[in-house]
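Subject: Structure for you to look at

Hi,

Here is the structure I said I would pass on. Have a look at it first, and then read on for what turned up.

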Amino acid sequence: MLLPNLAPYRPPAHIIQVRYRQYFIFHSEALEVPGSVYLVDVQEKTTVVHAENDSAIVLSPTPSNDINDPLNWSRGRKLLQIICVMIYTSAIGIGTTMLYSILQPISDDTGIPLATLNAGTGYMFLFLGWGALINQPLALTFGKRGIYLISVLGNTAICLLTPYIKTEGQWIASKIVQGYLCTPVESLCEVSIADVFFAHERGTYIGIYTLFLFGSNYFAPLIAGFIYDGQGWHWVMYWAAIINFGSLILLFFFMEETNFVRNTSEATEAVHFSAKPGAEKDDKESTTSSPVPSGNLTGTPKTYSQRLALFGGRYASNKLLLTMTYRPVILLRFPVIFWAGFQYGTCLVWYNVLNATCSLILSEQPYNFRASFVGLTYLGPLIGMFLGTFYSGWVGDRFAVRYARRTRGIREPEHRLWLMVVSLLLCPASLILWGVGASKGISWVGLVFGMGIISCSTGIGSSLSINYALDSYKDMSGEVMMAVILVRNTLSFAIGYGITPWLHMGYQNTFISAGFVGLAITMTFLIVIKWGKSWRIASRKRYWAYVADGTLGH
């Protein structure tokens with residue numbers, strides 16, 4: 001059963017849900033495997049939509065013929081959108097991590113114990129994840145643009161208020177509020193990328209997002225040290241507020257809404273063909289139900305003033321809004337989603353361990369670096385993160401396409417995970433180099449090199465985990481990313497209480513054990529490559545039922 005061509009008419013969301021449900025009922029005996037998409041047209045199917053710059057690449061998801069569909073935007077418009085997402089990511093990243101290298105001066109000035117300052121940071125990370133259960137459904141229902149702008153405005157206010165905090169309660173409360181306001185940086189940016197880019201190019205931009213997410217966290221301590229040396233810790237936060245407010249102005253004028261209600265899913269766009277490699281072309285058929293863009297798009301383009309609206313429309317019913325507040329927790333029953341969150345969370349653990357020990361190691365004998373010099377050492381992680389995200393993003397996209405050519409054009413989400421082989425060496429080697437090197441007092445050059453490799457491994461694991469989750473369950477990307485971030489940030493919050501006791505073992509023993517733990521966790525990608533598809537097959541009935549009951553096509 002094919003969904004009818006409804007363009008240019010845009011049916012209400014509840015009508016689209018009914019049609020999804022009808023499709024699910026009629027195809028319940030032969031449901032598509034979530035995430036398995038026809039990416040390279042080696043079968044020469046004339047009915048599928050191809051990329052303009054490569055006639056062999058199949059566009060997934062299939063763009064509609066609506067002129068306001070973000071998938072139909074011009075290349076320049078898409079790039080402007082991704083630049084806005086990166087500006088947002090950088091502003092929030094700087095505002096939330098500027099404090100890392102100046103916690104001791106804050107403690108000395110305010111009298112708030114260092115343990116409380118660190119605990120507040122932990123609560124912020126916890127709410128960066130769990131706060132998405134409220135913020136993300138609101139963004140998917142009323143629009144992402146407004147939520148982004150409110151988030152940056154709120155972060156600006158928190159940065160301005162931080163220098164006036166005098167008590168432990170005020171500190172904890174400010175970090176909780178900041179964590180809640182900044183949740184889009186963790187789980188909404190990935191969905192915005194998926195809104196405007198196709199499957200064959202999505203990995204590159206997820207890699208860029210990962211670079212800016214972690215890169216801003218490494219850049220913030222670098223500049224904070226110099227600001228503190230020259231102007232004091234209060235101005236560290238004032239400059240963070242200035243950066244956020246400047247970003248708010250740019251985003252207000254240039255960031256667009258990317259929510260778009262689709263009348264198709266990966267299931268309705270699926271391409272079927274004979275299982276026999278030598279089958280005739282007549283045996284092949286396409287069930288794609290979206291119109292093939294011919295350059296004549298329909299509808300009226302939004303004016304610039306319409307694009308500036310804080311919330312440009314409503315994209316889901318109240319029932320679906322409520323469902324999205326709890327369904328991400330239910331989605332954790334899918335092994336693919338839980339593993340992606342756990343792997344991503346582990347990468348964040350090594351990032352937190354590095355941040356927790358960097359200042360301690362480099363400010364003591366035999367290095368005796370002052371705050372500004374400690375900040376400069378974060379150039380190593382910045383370079384490492386760039387290399388890691390380039391490898392997992394740009395190289396990953398091309399690897400996925402080449403692999404799909406070998407599997408009759410079908411892209412499986414597990415294909416990209418082979419790139420994690422590199423992390424089997426980088427993760428344990430970098431942790432051991434950092435910890436053992438510090439305990440033996442090796443040259444600071446060796447330690448900075450170790451920091452760079454830790455960061456490179458973090459970038460690879462994070463980017464590939466995000467891509468794996470999105471590729472597996474694209475039609476519920478908003479809720480899937482919420483589930484992934486819940487696992488990631490809960491793990492990060494928990495490890496925050498374990499780092500200090502762990503360090504009592506000494507740097508050498510701590511990081512040797514961390515290296516082997518990292519190796520064991522990284523090796524789990526081999527298990528996912530082996531059984532990941534069977535997990536997706538086992539989840540397909542429940543997953544497509546969720547899609548039929550209500551998604552935005554986001």
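In which loop does Arg408 have its place? It sits in the one between α16 (379–406) and β6 (410–411). Before you read too much into that, bear in mind that this is a predicted model. Arg408 caught my eye because its phi is positive, about 60 degrees, although it is not a glycine, and because its relative accessible area of 25% makes it partly exposed.

There is another residue of this kind in the loop between α14 and α15, namely Asn368. Its phi is near 55 degrees, again a positive value in a residue other than glycine. Asn368 counts as partly exposed, at 43% relative accessibility. The loop between α14 and α15 also holds Pro366, and the peptide bond joining Gln365 to Pro366 is cis, with omega at about 5 degrees. For another cis bond, go to Ser60 and Pro61, where omega is near 0 degrees. Pro61 is in the loop between β3 (54–58) and α2.

Now for the inside. The largest nonpolar core has 98 residues, and Trp350 and Trp434 have the most contacts within it. Helix α14 (residues 335–362) gives the most to this core, 14 residues in total. Leaving aside residues up to four places away in sequence, Trp350 touches Cys427, Leu431, Ile454, Trp502, Ala514, Val517 and Gly518. Another core, of 22 residues, lies apart from that one, and includes Leu103, Leu117, Val236 and Ala241.

Helix α7 is worth a minute too. It runs over residues 168–181, and its 14 residues reach 20 Å from first C-alpha to last, close to the 20 Å expected at 1.5 Å a residue. Which residues of α7 are buried? They are Trp171, Ile172, Ser174, Lys175, Gln178 and Gly179. Seen down the axis of α7, these buried residues fall within an arc of 160 degrees, so they line one face of the helix. What they pack against is α2 (75–97), α4 (114–130) and α6 (144–161).

Then there is the largest pocket, with a volume of about 1,000 Å³. Its lining is made up of 34 residues, and those nearest its centre are Leu103, Leu114, Asn118, Asn355 and Ala356. Which helix supplies the largest share of the lining? That is α4, with seven residues. At least two lining residues come from each of α3 (103–110), α4, α14, α15 (371–376), α19 and α20 (499–503). You will recognise some of these names: α14 is the helix that gives the most to the largest core, and α4 is among the helices that the buried residues of α7 pack against. Leu103 turns up twice as well, in the core of 22 residues and among the residues nearest the centre of the pocket.

One last spot to click on is Ser477, in helix α19 (residues 477–496). Is Ser477 buried or exposed? With a relative accessible area of 0%, Ser477 is buried. Its C-alpha is 6.1 Å from that of Val191, although the two residues are 286 apart along the chain.

Cheers

Notes
Residues numbered from 1 in each chain as written. Predicted model: local features only at pLDDT ≥ 70, side-chain atom pairs only at ≥ 80, totals over all residues. Heavy atoms only, no water. Core = buried A, V, L, I, M, F, W, Y, C linked by side-chain atoms within 4.5 Å. Buried < 20%, exposed > 50% of the residue type's maximum accessible area, 1.4 Å probe, protein only. Helix = DSSP H or I, 4+ residues; strand = E, 2+ residues; numbered from the N terminus. Contact = heavy atoms within 4.5 Å. Expected span 1.5 Å × (residues − 1). Arc of directions from axis to C-beta. 1 Å grid on protein atoms, 1.4 Å probe; cavity = no way out; pocket = protein on both sides within 12 Å on 5 of 7 lines; lining within 4 Å. Points joined across faces, edges and corners; volume = space filled by probe spheres on them.
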